[in-house]
Amino acid sequence: MTLEKKITIATLNKHKAAGEKFAMLTCYDATMASIQQDAGVEVILVGDSLAGPVLGLPDTIGVGLDISVSLTAAVRRGAPLAFLVADMPFMTYTSPAQAIANAGRYVVEARVDCVKIECDRRFIDIVRAMATVGISVMPHLGLTPQRAGQVGGYKVAGKTSAGAIEIIETAEIMVEAGASALLLEAVPPEPAEMLAKRVSVPVIGCGAGPGCDGFVVVTHDMIGLTEGHVPKFVRKYADLRAPMQQAFETYVTECQSGAYPAPEHGYAMSDEELSALKAWAGK
Ligand code: KIV
């Protein structure tokens, strides 16, 4: 199952052309990244969803560029073969020049394959500018969590025909401007599938139905580490919070009772050295 060669945009384009679906997961550290690479996860996203599980923030607005770049570089070290996508934080791509400078950090310092930006059609010049200088960019359309404060919450997008057409047309102009892939969040399956059929680039869905070319969810949600609300489009593949808590509880109990550490967890001195030590201590 482990990845055996570098996944590139050409690999994803080939999957799309062959009708082969692919998986993407979020990741924020090197250990998880290596497990995901060993499991054959071809695309890894260092999402700004790191806000909650890593930083303990209530939303993604406070994620900083420096920490995002550092964690992305750690993920790259853990999964050198995956197609790595970095999610640019809020306010780091407000003009073409700023977007290029900040995206360039992910490319140079973290060796990402692509950067993702939450956008709508007003970001066309930013996408074009990034693509022009050689940065692969993935516009994220539909529900864009960085705008939750502005629009009054996390709202499913494209439920009206006008809304769906807006998403499809925006996606098409983004592809014309040079987008390498698209991500659709919380969009009904019909417009998502129409879009995937209409554009040449891979369309990755997050709560956008089975017609997309690839699928992404937040890892902490799908392995049962998240406490509290999990979006309805997530399927839980494991329930790791309970066994982890159990392991921590057993450790606490054993530290308190003296059951841990046991002799096999220590470093032995030779009898001779031990005698010398005891003699020195006067025993
Ligand atoms: O930040 C993130 O993890 C995301 C995915 C949920 C698509 O943007």
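I began with two helices of this predicted model, and I noted that helix H4 (residues 96-110) packs against helix H5 (residues 124-132) at an angle of about 45°, the two axes lying 9 Å apart. I wrote down that H4 is therefore oblique to H5, since angles under 35 degrees count as roughly parallel and those from 65 to 115 as roughly perpendicular.

I then looked up the handedness, and I found that H4 passes H5 in a right-handed crossing.

Which residues make the contact? From H4 I listed Pro96, Ala99, Ile100 and Ala103, and from H5 I listed Asp125, Ile126, Ala129 and Met130. Sorting them by class, I recorded 7 nonpolar residues and 1 charged residue in the contact of H4 with H5, with no polar ones.

Next I stayed with H5 and checked burial, where I found Ile124, Ile126, Val127, Ala129 and Met130 to be buried. I noticed that Ile126, Ala129 and Met130 are buried and also take part in the contact with H4.

What covers the buried residues of H5? I found that the cover includes H4, together with strand E4 (114-118), strand E5 (137-142) and helix H7 (161-176).

I also followed the chain past the helix, and I noted that Gly134, which comes after H5, has a positive phi, near 100°.

Last, I turned to the whole chain, for which the domain assignment gives domain 1 (9-239) and domain 2 (243-281). I entered 47 Å as the separation between the centres of domain 1 and domain 2, taken over C-alpha atoms.

Methods: Residues are numbered from 1 along each chain as its sequence is written. This is a predicted model: local features need pLDDT of at least 70, side-chain atom pairs count only at pLDDT 80 or more; totals for chains, interfaces and linings use all residues. Side-chain values use heavy atoms; hydrogens and water are left out. Axes are lines fitted to C-alpha atoms, for helices over the stretch in contact, and angles run from 0 to 180 degrees between N-to-C directions. Helices (H or I, at least four residues) and strands (E, at least two) are DSSP runs, numbered from the N terminus. Angles under 35 degrees count as roughly parallel, over 145 as roughly antiparallel, 65 to 115 as roughly perpendicular and the rest as oblique. A crossing is left-handed if the near helix is turned anticlockwise from the far one by less than a right angle, and right-handed if clockwise. Contact means heavy atoms within 4.5 Å. Ala, Val, Leu, Ile, Met, Phe, Trp, Tyr, Cys and Pro count as nonpolar, Asp, Glu, Lys and Arg as charged, and the others, Gly among them, as polar. Domain bounds come from an automatic or database domain assignment. Buried means under 20% relative accessible area, exposed over 50%, partly exposed in between (1.4 Å probe, protein chains only).
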